[in-house]
Amino acid sequence: MDHRHRPHHYHHSISCDIPDCSSGTGLLWRRPFALNITNWAAPARWPILLPWAPPPSSSGPLPATSALPGPSSRSGPMPSSFSGPSPHNSPLSTSDVLAPAANNQPAQIQAPTSPEPTTQRPTAPPPVQRSHPMRTRAQSGIHKPKRLFSALFTTWAPPLEPRSVNEAMQYAEWDSALRTEHNALLRNHTWDLVPRQPHFNVLGNKWVYRIKHHSDGSINLFKCRLVAKGFHQRPGVDFQDTYSPVVKPVTVRTVFTIALSQSWPIKQFDVNNAFLQGPLDDEVYMVQPPGFVDPLHPHHVCRLRRAIYGLRQAPRACYTALSSFLIEFGFRKTESDASLFVYQQSGIILYFLVYVDDLLLTGNDVAALTAFQTALAHKFSLKALGDVNYFLGIEVIPTATGYILSQHKYMTDILARFHMLDAAPVSTPLASSVSLTLHDGTCPTDATRFRQVLGALQYLVYTRPDIAFSINKLSQYMHSPSSHHWQCLKRLLRYVCGTLSYGLAIRRSSLPMRITAFADSDWAGNIDDRTSTSAYLVYLGSTLISWHSQKQRTVARSSTEAEYRAIAHATAELEWVRNLLQELHQPLTESPTVLSDNLGATHFSANPVFHSRMKHLALDYHFVRQLVQSGRLSVRYIPTAQQLADMLTKPLAASRFLLLRSKIGVVDTSSILRGRIREKE
């Protein structure tokens, strides 16, 4: 075999004096020859093995008159730098093989005198002496069985959520949930079985299975829903109105702040089969539910009397039934929020918040709360959950100073869904040294995945104002995201991963409470179109109840103009909060205050003279100045170092960002003991 073409080949040319073993005279002959060194296994008949020795010849010892093939080289001993570990465990050392000749003669190679083959194996090397105290499992007699894994034969655990009704009926938990839901449908007289007619638009349906969890991730119950395939409904024929209002996040935080400051209890309720409570005015037909077909009328269809999940008009029908009952009881629907109902009679004040089938109730009279709860349970199938602790996926953690709203489970689910649970955390959601542009030169990324992540993070702003600007900024590139945008979005997920235990603090404030807003803008911060970003923070007492970060629609010609538009946006939000408090029978004793770090904007809001260079701001100008002149609003200046809304307008350095995050009310819940804090008797 030609060893020169094998891998790890080293070619060296040396010149040595080799004894003539065939003639027995011991004469030396000098010939240059090439050493082809590779990882080859020498036969056992060679007693001398060198890492640079040539392959053995099958014809015996080399003759004295033959020259080894290879390029010529200089004469002399082999360089001392040529060395290397031998692949063989030879008992002879290099000093035994290369014996120095007398009178400064070149080194000689001592060839074997009897190169006869032998069957004796070389002796094993002596064991290595260990100088460290470490001991392996094998030395201790511990042997683990070898596990073989195959991609073709894998045992999978049965799914927690079944995929069909036949599979669900094989498990006791799901079978019980199916029968409980079907009995509730029959008990509420949800449908009537009628013969099928050719002109009927019969909808299909399916069972949907979900596992409800507690805030700590443990299983609460197994839930089954019969969902109609409402996408087959025809507008104007099978349904008319579909809109159903839900309570606003600002309303929830405002009610929490008021109830906490006045030591009111907050009760939570859940309506069982909420959509089944709403009567249907439209004529809708549906097939019989799978697994529960009437044996006497297998070909009949269901004419729906009440709404079920999946119908286009189901949310509105449920809301209409609930609001009608509340108005009959004496509640009044507020103008600021259609899902907030207020009861006020004889000094009794009750607040009732509706979010589909999740209900909150609070007030200043415990007896009135109990009476209303009894009447509500008599009208609807109600489940009382006690004091609020988990509402709309938000964990309400009681503390010594109030509540902390945390979305720990929701954040964990997002990170697990997009495989970011083990990501390295970062201190800021966006890097302050990176500017986002639409055309940044990087390759496009998966737009669907980009939108999925951003859509999931939108609901996280409910309790995390510190990521409001980041989500708003990244949402501007959803139509054409690039690889750089995706890296910034992954950085945001890494920030969420490092702040899983953070939440919004709802603090108890002294009465009467006042409203304060911080308004700020980043002038021409958008590189693509040079628009500005407006932001504001609204506080009720010491609790942050509203915030917003949004790109302005037009280009501002000066920083004063950009700041003034931010003041106008904050003023509009203050007016809405003022009207909400009036409908909650919590009037303000002081006018709201807007704090801005731009002197020109603050002076311009109180200046009675309108400049012609600001005529394009006439609407915002007259809106703010009218409120200032009437005494219903106050605009004041604060230094930039005290501007809390600065973190909602642009990326900040880590030190500045962490300082503002602690000031606005985003706190760490890891050091807070979970559970109810009972008042000392």
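Helix α6 covers residues 366-379, which makes 14 residues. At 1.5 Å a residue the helix should span 20 Å, and its end C-alpha atoms are 20 Å apart, so the expected and modelled values agree. The model is predicted. The protein has 14 helices and 26 strands, and 44% of its 681 residues are buried.

**Helix α6 and its surroundings**

- The buried residues of α6 include Ala368, Leu369, Phe372 and Leu376. Viewed down the helix axis, the buried residues of α6 fall within an arc of 100°, so they line one face of the helix.
- An α-helix has 3.6 residues a turn, so residues three or four places apart point the same way.
- On the other side of α6, the exposed residues are Val366, Ala367, Thr374 and His378.
- The cover over the buried residues of α6 includes helix α5 (314-329). Strands β14 (348-355), β15 (358-363) and β16 (382-387) are also part of that cover.
- The N-terminal end of α6 is capped by Asp365, which has a side-chain oxygen 3.0 Å from the backbone nitrogen of Ala367.

**Glu583, a buried charge**

- Glu583 belongs to helix α11, which runs over residues 559-583.
- Glu583 is buried and has no salt bridge. The nearest side chain of opposite charge is that of Arg332, 4.0 Å away.
- Apart from neighbours within four places in sequence, Glu583 is in contact with Arg332, Thr334, Glu335, Ser336 and Val342.

**Salt bridges across the chain**

- Side chains of opposite charge can pair when their charged atoms come close. The count of salt bridges in this model is 13.
- One of these pairs Arg210 with Glu161, with the closest N and O atoms 3.7 Å apart. The two residues are 49 residues apart and link distant parts of the chain: Arg210 is in strand β7 (residues 205-213), while Glu161 is in the loop between β4 (108-109) and α2 (165-168).
- Arg210 counts as partly exposed because its relative accessibility is 46%. Glu161 also counts as partly exposed, at 33% relative accessibility.
- Asp192 and Arg305 meet through their side chains in a salt bridge, at 2.6 Å from N to O. Asp192 lies in strand β5 (residues 191-194) and Arg305 in the loop between β11 (301-304) and α5, so this pair ties together parts that are 113 residues apart in sequence.
- Arg305 has a relative accessible area of 38%, so Arg305 is partly exposed.
- Asp387 forms a salt bridge with Lys267, and their closest N and O atoms are 2.9 Å apart. Asp387 is in strand β16 and Lys267 in strand β9 (residues 266-271), so the pair ties together parts that are 120 residues apart in sequence.
- Strand β16 therefore holds Asp387 of this salt bridge, and β16 is also among the elements that cover the buried residues of α6.
- With a relative accessible area of 34%, Asp387 is partly exposed. Lys267, at 29% relative accessibility, counts as partly exposed.
- Glu575, Arg578 and Arg632 are joined into one network by salt bridges that share partners.

**Contacts over the whole protein**

- Among contacts in the protein with a separation of 6 or more, 72% are between residues 24 or more positions apart.

Methods. Residues are numbered from 1 along each chain as its sequence is written. This is a predicted model: local features need pLDDT of at least 70, side-chain atom pairs count only at pLDDT 80 or more; totals for chains, interfaces and linings use all residues. Side-chain values use heavy atoms; hydrogens and water are left out. Helices (H or I, at least four residues) and strands (E, at least two) are DSSP runs, numbered from the N terminus. The expected span of a helix is 1.5 Å times one less than its number of residues. Buried means under 20% relative accessible area, exposed over 50%, partly exposed in between (1.4 Å probe, protein chains only). The arc is that of the directions from the helix axis to the C-beta atoms. Contact means heavy atoms within 4.5 Å. A polar contact is a pair of N or O atoms within 3.5 Å; within protein, one must be able to donate a hydrogen and the other to accept it, and residues adjacent in sequence count only if both atoms are side-chain atoms. Lys and Arg count as positive and Asp and Glu as negative; His and the chain ends are not counted.
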